[in-house]
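Let's look at how some labels in this model are earned. Each question asks for the reasoning, and each reply sets a value against its cut-off.

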Number of protein chains: 2
Amino acid sequence: MLVGLFLSLLVINRPQNKAGGADKSPCRARINNKSMFVGQYSHNLDAKGRLAIPAKFRGELKKAVVTKGLDNCLFLYPKKEFEKLAEKVSALDFSKTNNRAFNRNLLGGAMDVEIDKQGRIIVPEYLRNFAGLKKNITITGLYNRLEIWDAASWAKYNAETEKNSNEIAETLSGLGV
Amino acid sequence: MLVGLFLSLLVINRPQNKAGGADKSPCRARINNKSMFVGQYSHNLDAKGRLAIPAKFRGELKKAVVTKGLDNCLFLYPKKEFEKLAEKVSALDFSKTNNRAFNRNLLGGAMDVEIDKQGRIIVPEYLRNFAGLKKNITITGLYNRLEIWDAASWAKYNAETEKNSNEIAETLSGLGV
DNA sequence: CAGTTTATCCCCACTTTTCCCCACTTTTCA
DNA sequence: TGAAAAGTGGGGAAAAGTGGGGATAAACTG
């Protein structure tokens, strides 16, 4: 899989630690004391449009924002993260057609949500329709956001991208990541 | 690609110890202040999806991350190692299709795990399926990660690559190994 | 404006899963 | 060869996930 190949590349390419010192980049400390989102979970959307958030992510998502994502899924950001993103995105030159469209999706499609006592959020109907959410939902952690997929769409997407994984890995290793 | 083969070669050349037994030679060492995993172990996955981690690796893996690996196995990284990677990858611009696919595989395919008091981790079902894990599991140390294989897949892989190890080595000559 | 309907959300109850802990067997090492 | 450590399995408490009833609020209608 591309993941493994990519990991292998990084492992081999990792520069030797100068003087054996640890990596002290400023963003590392911040990430260590925050629990970042990783992993994939399978939950049910109920008849009232409620969706349980995996228990270990709830602390970071007391206040959150759901919005239209890419590839037919929804993005769920902690409110603070979303605000940062919104600033960047809204700064894009809106004389460009694509930028306007992107803005309208990400910002115009957004909805504030809160986690209730049972650990659920309510996904508004227009977003359920957008992402084609039925009952079985896959929630994936992507470090600073969650993605909400209909389980069937996720399975399909996954099957397709795994086929292309080698090419993707090569493309990316060319970026010098 | 060459790099991936290089790692494979390391696997092939390592001396085998008797199946089912744990090799207790003083294998753990530190290179550049990083943990180093060497050796091959045979453990059982129980009905609850729990898998014992070889005792001598536990210190480095109190907190760890399991991810989809190459050739139908899983990778187990110390959490700190994985975080370095995750930070870089998650910083990629998600407006690019390939970046999104890559993130979803690497981060969405991963799972945070902790070692319990009995020295076991829980392998989530979707990863057990991915790697086709049954009951008999082979765990191999690969320098800075562990690999988790279904014993049957491992035996098959091993049998095939041993036959071809000379040819594989030829392709590596350019690396100055 | 009153009455009806619709939506929201709070709470309870039930099921399933997780995880903590104990117990037993096997292996290792002094 | 006995003690300690590693590996394995399972019972049961606690937490997570799920579904629905019903109170309050909002919207709609005659």
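Q: Which residues of α2(B) are buried?
A: Happy to start there, with the reminder that this is a predicted model. The buried residues of α2(B) are B:Glu81, B:Phe82, B:Leu85, B:Ala86, B:Val89 and B:Ser90.

Q: How do you know where the buried residues of α2(B) fall around its axis?
A: Looking down the axis of α2(B), the buried residues fall within an arc of 145°, so they line one face of the helix. There is a general reason behind such patterns: an α-helix has 3.6 residues a turn, so residues three or four places apart point the same way.

Q: What makes the length of helix α2 of chain B agree or disagree with its 12 residues?
A: Helix α2 covers residues 79-90 of chain B, and at 1.5 Å a residue its 12 residues should span 16 Å. The C-alpha atoms at its ends are 15 Å apart, which agrees.

Q: Why is B:His43 called buried or exposed?
A: The label "buried" needs 20 or more other C-beta atoms within 10 Å. B:His43 has 20 of them, so B:His43 counts as buried. This histidine sits in strand β2 of chain B.

Q: What is B:His43 in contact with, leaving aside neighbours within four places in sequence?
A: B:His43 is in contact with B:Leu51, B:Ala52, B:Ile137 and B:Ile139. As for B:Cys73, 30 residues away in sequence, its C-alpha lies 15 Å from that of B:His43.

Q: Which residues are closest to DNA strand D?
A: B:His43 appears here too: the closest are A:His43, A:Asp46, A:Ala55, B:His43 and B:Ala55, among 21 residues that surround the strand. Two elements give two or more residues to this surface, namely β1 (37-44) of chain A and β2 (34-44) of chain B. By class, the surface near DNA strand D has 9 nonpolar, 8 polar and 4 charged residues.

Q: What makes A:Lys134 buried, exposed or partly exposed?
A: A residue is exposed at 12 or fewer neighbours and buried at 20 or more, with partly exposed in between. A:Lys134 has 13 other C-beta atoms within 10 Å, so it is partly exposed. A:Lys134 lies in the loop between α5 (125-131) and β7 (136-143) of chain A. Its C-alpha is 9.1 Å from that of A:Asp46, although the two are 88 residues apart along the chain.

Q: Why is B:Asp116 called exposed or buried?
A: B:Asp116 has 12 other C-beta atoms within 10 Å, and 12 or fewer makes a residue exposed, so that is its label. B:Asp116 is found in the loop between β6 (111-114) and β7 (120-122) of chain B. The C-alpha atoms of B:Asp116 and B:Ile53, 63 residues apart along the chain, are separated by 10.0 Å.

Q: How do you know whether B:Asn164 is exposed or buried?
A: B:Asn164 has 10 C-beta neighbours inside 10 Å, which puts it within the limit of 12 or fewer, so it counts as exposed. Its place is in helix α5 (residues 151-172) of chain B.

Q: What is the phi of A:Asp71, and what is that of B:Asp71?
A: A:Asp71 has a positive phi of about 65° although it is not a glycine, and B:Asp71 has a positive phi of about 60°, again without being a glycine. For background, most residues other than glycine have a negative phi. A:Asp71 lies in the loop between β3 (63-68) and β4 (74-78) of chain A, while B:Asp71 lies in the loop between β4 (63-68) and β5 (74-78) of chain B. With 15 C-beta neighbours inside 10 Å, A:Asp71 counts as partly exposed; B:Asp71 has 16 and is partly exposed.

Q: Where in chain A is confidence lowest, and where is it highest?
A: Confidence is lowest in helix α2 (residues 26-32) of chain A, with a mean of 32, and highest in strand β8 (residues 146-150), at 97. Over residues 1-33 of chain A, pLDDT stays under 50. Chain A averages a pLDDT of 79, and 73% of its residues score at least 70.

How values were computed
Residues are numbered from 1 along each chain as its sequence is written. Chains are lettered from A and ligands numbered from 1 in the order in which they are written. This is a predicted model: local features need pLDDT of at least 70, side-chain atom pairs count only at pLDDT 80 or more; totals for chains, interfaces and linings use all residues. A residue is near a molecule or strand if its C-beta atom, placed from the backbone, lies within 6 Å of it. Helices (H or I, at least four residues) and strands (E, at least two) are DSSP runs, numbered from the N terminus. Ala, Val, Leu, Ile, Met, Phe, Trp, Tyr, Cys and Pro count as nonpolar, Asp, Glu, Lys and Arg as charged, and the others, Gly among them, as polar. The expected span of a helix is 1.5 Å times one less than its number of residues. The arc is that of the directions from the helix axis to the C-beta atoms. Two residues are in contact if their C-beta atoms, placed from the backbone, lie within 7 Å. pLDDT is the predictor's confidence in each residue, from 0 to 100.
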